[in-house]
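Me: I am new to reading structures and would like to go through this one slowly. Could you help me see how each label is justified?

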Amino acid sequence: MSYFVDENGYYGKFGGAFIPEMLYPNVEELRVNYLKIMESDSFQKEFKSLLKDYVGRPTPLYFAKRLSDKYNTKIYLKREDLCHTGAHKVNNTIGQILMAKRLGKKRIIAETGAGQHGVATATVCALMGMECIVYMGEIDIARQAPNVARMKMLGATVIPALSGSKTLKDATNEAIRDWINNPVDTHYIIGSVVGPHPYPDMVARFQSIISEEIKKQLTEKEGKENPDYVIACVGGGSNAAGAFYHYLAEENVGLIAVEAAGLGIDSGESAATSVLGNEGIIHGSKTLLMQTKDGQITEPYSISAGLDYPGVGPLHAHLSESKRAEFISVTDDEAMKAGIELCEFEGIIPAIESSHALAVFNTKKFKKTDVVVLNLSGRGDKDLNTYINYFKL
Amino acid sequence: MNRINKKLQEDKKLLSIYFTAGFPQLNSTVSIIESLENSGVDMIEIGLPFSDPLADGPTIQESSTKALENGMTTEILFDQLKDIRKNVKIPLIIMGYFNPMMQYGIENFCKKCKEIGIDGLIIPDLPVKEYSENYKVIFEKYDLINIFLITPQTSQERIYFIDKISRGFVYMVSSASVTGSQNTFGTVQKEYFERIAAMNLKTPQIVGFGISNSATFKQATDKTKGAIIGSAFIKHLNQNGIAKINEFVTSIID
Ligand SMILES: Cc1ncc(COP(=O)(O)O)c(C=O)c1O
């Protein structure tokens, strides 16, 4: 079985490009050109050099000794939290801004939920001197004020999404509508492995630098490229796609995808798409999504804004259906506890998204000899208020 | 012959009206359809509301949200329409996004449309290729015409291809925009209308998006077979109610 996209833009039965005709020229232009551009020497050179000198790559693969002792296994943390802007999101925005430039685009639009992708987009637009418009749900703007300020400082215009439920899925709708209204000069930088083909594949390739580095770093530390497990949290699925990418075809590497259960799978307040979702179409992709039986997309819930999305990318839908990856869901409480534990054991404050991945050590038992790589997708600075309120700090 | 094809043979410019089923009230559907027909409208697009209508502007987003709050579902809409062909003779088209139809089951959905007397479907997020490869056979089995869109950005080659596979009419999106964002047509649209007219397509064209009054209706239909009004009608309905539908229609075509 293949876990990579096929020539029609599908992962198994998931994927495709379910877009209105108005978007066809833009998406088609990207589809025809993205591989050619990405694989060109000049692109690779510029991309790699920015990842090194601007983002700070390679990010360390850190052996977490005290955490390993506690869980009686060998835990390595892939330190995406040390990327410039504080999360893996910037790997993708660097790639896409270089893509946009080569396509001759002048104006960049993006959606954001927590604001991490918005900040990463505003950052690369400042770097390249391009106009940047970020759509963000009105409710998210209110609860993520520091990131809104960061985007503004970086020169971006933040436009509130006032439609529907006024959160990430509506911000994505607004960005898509903007692209329909501005079909010629604009590139849409999607923030995860979601959306119409070729976005899921393109974003996964930009993020695949994560597993490319893990292979090299693990060889130095363990004398082998392959760990026994790779663990990553899944909102749309970009950090997981990047951490899994070079291991997808290596069936002896266990892949563990962690979704947000919110207040609990059966609570009605959850974002565990692989459990609660079924096949449908969201934002131009056929994938698993949370919806009513009538096909209306429902609002997810998670304490972590970055995991608060009612779908997963089509790659992850395929990994879930084919059982290539094990999907585990983790509640708000379990994640918060695991987040604090990392602070206390290793001196690292994780993003709450990443805390969900960390919580797996409390639900799944690993062997003492297992080598487990956990993708620490982001740092917790943006989440301080949530940590403060939750733990009454 | 499908009612859409028969209608297209009439020697006149056609006025088609879009409304969102379940708006302003859950049970407005049948009375809106009947008064549109009685007012002289040629064709109706019944909007199946969706939570995430990404090709629509604020007016239709709001009517869709309201319709869903009112409790509209695919099942209820089909139930409301079950006797519609006792009175209503003009072509009826369902316009909606693909996900709710998928959840109903595409074959079931088409079968139900046929039973009711629906003549065609407009599904903005079902792309041409996907339709041709996976759904065409089912649509045709139930004599449903799938209407394709073209826009000012659609390449000449693609327009000829869409023309070739179209039955019924081609939906000409007036400008690069979501629904409802235009109130007048400038030179860009005029040139676009002229460019398409010069292509001599076999399929008649009906213009949609941005038509709001008799002036824009006349401009849009100068070189085409007809025009579709959506947002402007919904605004009127919202302000004036079902009783005044006739006023709106006569303001366009008299
Ligand atoms: C730190 C961090 N991790 C994970 C995510 C979830 O996104 P994805 O599933 O695309 O990696 C986000 C999104 O905002 C994030 O900020």
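Me: What makes up domain 1 and domain 2 of chain A?

Reply: Happy to help! In this predicted model, the domain assignment gives domain 1 as 25-50 + 89-203 and domain 2 as 56-87 + 209-391 of chain A. Their centres, taken over C-alpha atoms, are separated by 22 Å. Domain 1 of chain A puts 30 residues into the contact, and domain 2 of chain A puts in 31 residues.

Me: Why is the ligand said to lie between them?

Reply: Both domain 1 and domain 2 of chain A give residues to the shell around the ligand, so the ligand lies between these domains.

Me: Which residues come nearest to the ligand?

Reply: There are 18 residues around the ligand, and A:Ser192, A:Gly235, A:Gly237, A:Ser238 and A:Ser377 come nearest. By class, the shell has five nonpolar, eleven polar and two charged residues.

Me: What makes the pair with the side chain of A:Ser192 a polar contact?

Reply: The cut-off for a pair of N or O atoms is 3.5 Å. An oxygen atom of the ligand is 2.6 Å from an N or O atom in the A:Ser192 side chain, so this pair counts as a polar contact. An oxygen atom of the ligand also lies 2.7 Å from a polar backbone atom of A:Gly237.

Me: How much of the ligand does the protein bury?

Reply: Alone, the ligand exposes 390 Å², and the protein buries 97% of that. The space that the ligand takes is the largest cavity.

Note on methods: Residues numbered from 1 in each chain as written. Chains lettered and ligands numbered in written order. Predicted model: local features only at pLDDT ≥ 70, side-chain atom pairs only at ≥ 80, totals over all residues. Heavy atoms only, no water. Near = heavy atom within 4 Å. Polar contact = N/O pair within 3.5 Å; in protein donor to acceptor, adjacent residues only side chain to side chain. Areas by Shrake-Rupley, 256 points an atom, 1.4 Å probe, with all protein chains shown as cover. 1 Å grid on protein atoms, 1.4 Å probe; cavity = no way out; pocket = protein on both sides within 12 Å on 5 of 7 lines; lining within 4 Å. Sits in = over half its atoms within 2 Å of the grid points. Nonpolar A, V, L, I, M, F, W, Y, C, P; charged D, E, K, R; others polar. Domains from an automatic or database assignment. Contact = heavy atoms within 4.5 Å.
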